[in-house]
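Visitor: I'd like a close look at one part of this model, at a bench biochemist's pace. Pick a spot, and then walk me from there to whatever else is worth seeing.

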Amino acid sequence: MTTPQSLLQQAVEHHQGGRPAEAAVLYRAILVAEPWEVNALHLLGLVRWRSGDPAAGARLIARALRLNTTLEAAYINIANLHREQEEFPESLRWLEQGVAALPMATGPRELLCMLSHDWSVKALDGDPAVVRERARRCLAHIVGAPVFTRRLYDLLEPQLRVALMAGDKELAEIYVRLRNRHDFGGVAAQDTDVFTVDMLDFPDFCSRTGARTIRWTPPAERPTDTTLADYPGYLHDHVKALVRAGDAPLGVALDAPVEVIQGFYVKDNYESFVLSDRRAMLCENKLAVIRGAHIPLIGVTPGAKEAAIRLPRPLYRTLEIADPIIFVPSTPNYWHFMVEVLPMLMLRDEVPETRDRPILLFDVRRYQYEMLDLIGVPASQILDPRRDLGPETNQVLYRLARATIPSQVPYPVAYRWLRDRLLPRIRPDRPAHPKRVFLSRRSAYPKHRIANDTEVGDLLARHGFTVVLPETLSVLETIEMIAGAEMVVAPIGAGTSNHVFLPPHGSWIHLNSPDFFHPASPWNRQMGTQATLTGHFRHLTGRFVGDPAGFPTRDVDRLEIPIEIDLDALERIVEEAEERLARDLS
């Protein structure tokens, strides 16, 4: 005997098996016998919705919910139906009913909060008061959750950005404090400072601090027709932008009263947040991505215009400095220190009154002391909190009464300055270095690792190359070697900063992963704006080694996937470089 329940089971099997028409026939048969069968009403409503009749689907699901107010899946489905039709108020109304009927259910609450967020985002181009009202409504739904889930946690930062864009700083700070409960669980709420900041470029930040500012326009390397010919066309706009970057004036703020939160390590840098009166933050890189639950900077709005800061005081060492001091960002990364940090210290030449001021740097490495010494900064002039407060010091809050803060230095200016300052340090009696060099990372950190490194080295040896492990050389020895090189082959990595010392006839050959050098690459901006502006450039893309199913998805993490280099392709590039070298030297 066929019963309504057995028919329902068959109908569900058809539905789940991708046969909605067959399922609908059985749902209707059930409803003829039992018009109040809520599961058949609900599921037939799904079929009608997905068959192109959302209005009929909504009526059926609503009828099911009037008969049984505890159908959790029905609340979720009717809400999604109305969301798909851009009927947000109706969608939210059903979810609010579901939350009231099922206060302990996670699904309707999570969807209610997510749709409330979407609804507030949709209002961003309109009246800020509407955005604020919707954002506060979303907050009420989040706070009312009996269980705080990961999905609700993940909504806090997007909603924080919405609050900032709507100008509701009070609401933004509430969202920050909600996150702090989970990010800084061991710190009492009253021991964490929370405040919002305007993110300002260098001139506006200097104006906000009231600091005296000196500006100048230094010489820059210029991209040439040869530079463009060396790079693929999809990077040309980035390379051409280097001309504009090189023409922009630099500046330095003098005797600025600021606070600096420093210490959290993100990618290759210790992030530094330079604050004025806890209402403005120096921001010159609009594309910075701040990741991690514990980062002080949070909720950065599009275009990096506003953000919030949280400072868990017990986690920080405080360093107060009343005397004049130079502050520059810190990084343990060779590339970033060489090309981004070191050139900032040209201010010592442009503004003589700063020449003898101490320089505040965090976690200074031995090679960095060598670089600093090469530009005339003795170790005694460096203030390193890790050295002075102990190596266990990770997070520091600086209170600087008279900070000297330089602007960032664009790459074409940095390249020119590095060449002008460091090439004259080459020793006339230096030992002989190979003119053809393979900078191998076989003994280095696994990023940018070449799987067939030994075979690459053997092939290059047949063309007169010497395998060099960069970590075995001093900074000065590296500069001397590159400055006299005809050809350098190297995996992309920190050591490629040394391309700035390449002579005009030299060639630099990058060995890179498939993530680099293609029109859709997320790294295109870096590849273009960090272009080699002296000598010649070529690149060769290897193939990833390993099971793609296990590859990480984040761009930065994928740098650790080893690559294999096509030896025949590499030999062709080397032979072309040899031919060009012969022409350049003839």
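Guide: Let's start at the second largest pocket, where helix H10 gives the most to the lining, with five residues. Keep in mind that this is a predicted model. About 170 Å³ of space lies in this pocket. Along its wall you'll find Ile174, Arg177, Leu178, Asn180 and Arg181, and the lining also takes in Phe184, Val187, Ala188, Ala189, Thr192 and Val194. Two elements give two or more residues each: H10, which spans 169–183, and strand E1, which spans 192–200. Sort the lining by chemistry and you get seven nonpolar residues, two polar ones and two charged ones.

Now over to strand E14, residues 487–491. What puts this strand inside rather than at the surface? Five of its five residues are buried, so E14 is largely enclosed by the rest of the structure. Check it face by face: Met487, Val489 and Pro491 sit on one side, Val488 and Ala490 on the other, and every one of them is buried, so both faces are covered.

E14 has strand neighbours too. Strand E12 (residues 436–439) pairs with E14 in the parallel sense, over three bridges. If you want a residue to click on there, Phe438 has Val489 of E14 as its bridge partner. Strand E15 (residues 507–512) also runs parallel to E14, and five bridges join the two. On that side, Val488 has Trp508 in E15 as its bridge partner, while Pro491 stands opposite Leu511.

Zoom out a little and the sheet comes into view. It is an open one of five strands, in the order E13-E12-E14-E15-E16, with parallel pairing. Its edges are E13 (466–468) and E16 (536–541), each of which pairs on one side only. From one strand to the next, the twist averages 20 degrees. Helices pack on this sheet as well. Helix H19 (residues 453–461) touches E12, E13, E14 and E15, and its direction makes about 180 degrees with that of E12. Helix H22 (residues 567–585) packs on the sheet too, touching E12, E14, E15 and E16, and its direction makes about 170 degrees with that of E16. E14 is on both contact lists, with H19 and with H22.

Two loop residues round off the tour. Gln395 lies in the loop between helix H17 (385–389) and strand E11 (396–406). Buried or exposed? Gln395 counts as buried, because its relative accessibility is 16% and the cut-off for buried is under 20%. Leaving out residues up to four places away in sequence, Gln395 touches Gln262, Gly263, Phe264, Leu315, Tyr316 and Arg317.

Arg279 is in a loop too, between strand E4 (269–276) and strand E5 (280–282). Its relative accessible area is 41%, so Arg279 is partly exposed. With the same sequence neighbours left out, Arg279 touches Phe195, Thr196, Val197, Asp198 and Arg208. For a sense of distance, take Arg222, which is 57 residues from Arg279 along the chain: the C-alpha atoms of the two are separated by 38 Å.

Note on methods. Residues numbered from 1 in each chain as written. Predicted model: local features only at pLDDT ≥ 70, side-chain atom pairs only at ≥ 80, totals over all residues. Heavy atoms only, no water. 1 Å grid on protein atoms, 1.4 Å probe; cavity = no way out; pocket = protein on both sides within 12 Å on 5 of 7 lines; lining within 4 Å. Points joined across faces, edges and corners; volume = space filled by probe spheres on them. Helix = DSSP H or I, 4+ residues; strand = E, 2+ residues; numbered from the N terminus. Nonpolar A, V, L, I, M, F, W, Y, C, P; charged D, E, K, R; others polar. Buried < 20%, exposed > 50% of the residue type's maximum accessible area, 1.4 Å probe, protein only. Pairing = 2+ DSSP bridges. Axes fitted to C-alpha atoms, helices over the stretch in contact; angles between N-to-C directions. Contact = heavy atoms within 4.5 Å.
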